[in-house]
Amino acid sequence: MRRVSLIVTGRVQGVGFRYATKMVADKVGVTGIVRNLLDGTVYIEARGHDKAVAKFIQTIQNGPSPYAKVTHVDLTELATDKNYRDFAVTN
């Protein structure tokens, strides 16, 4: 299992990014959260099997929404001790 946090920079708010992220998470089988931050970035935590998390990260880096433009992803590996029941859009 692997758990990561991502801070995504670019045109990622107001373009359906969070909901597209949830669709990707559900498709590849990861759990976690996605939320907008006040500085215009998006914060994501994702947990799942290594291959699923890798596929999720790759899709996020490419921009899961057709109107999004991802310019940078700050990736941090986290301890896997936190469980999520599903993938949720917050705030």
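Here's a walk through the salt bridges of this predicted model. There are four of them in the structure, and a good place to start is at the beginning of the chain.

Take Arg-2. Its side chain pairs up with that of Glu-77 in a salt bridge, with 2.6 Å from N to O. Arg-2 belongs to strand 1 (residues 2-11) and Glu-77 to strand 4 (residues 69-78), so this contact links distant parts of the chain, 75 residues apart. As for its surroundings, Glu-77 counts as partly exposed because its relative accessible area is 47%, which falls between the 20% and 50% cut-offs.

Now move along to Arg-3, which has a salt bridge to Glu-45 with the closest N and O atoms 3.1 Å apart. Arg-3 is in strand 1 while Glu-45 is in strand 3 (residues 42-48), so the pair ties together parts 42 residues apart in sequence. Both Arg-3 and Glu-45 are buried. For Arg-3, that label applies because its relative accessibility is 9%, and buried means under 20%.

Arg-3 also forms a salt bridge with Asp-81, where the closest N and O atoms are 3.8 Å apart. Asp-81 is in the loop between strand 4 and strand 5 (87-90), so its pairing with Arg-3 in strand 1 ties together parts that are 78 residues apart in sequence. Is Asp-81 buried or exposed? Asp-81 is exposed, because its relative accessible area of 67% is over the 50% cut-off.

Put those last two contacts together and you get a network: Arg-3, Glu-45 and Asp-81 are joined into one by salt bridges that share partners.

Methods
Residues numbered from 1 in each chain as written. Predicted model: local features only at pLDDT ≥ 70, side-chain atom pairs only at ≥ 80, totals over all residues. Heavy atoms only, no water. Salt bridge = Lys/Arg side-chain N within 4 Å of Asp/Glu carboxyl O. Helix = DSSP H or I, 4+ residues; strand = E, 2+ residues; numbered from the N terminus. Buried < 20%, exposed > 50% of the residue type's maximum accessible area, 1.4 Å probe, protein only.
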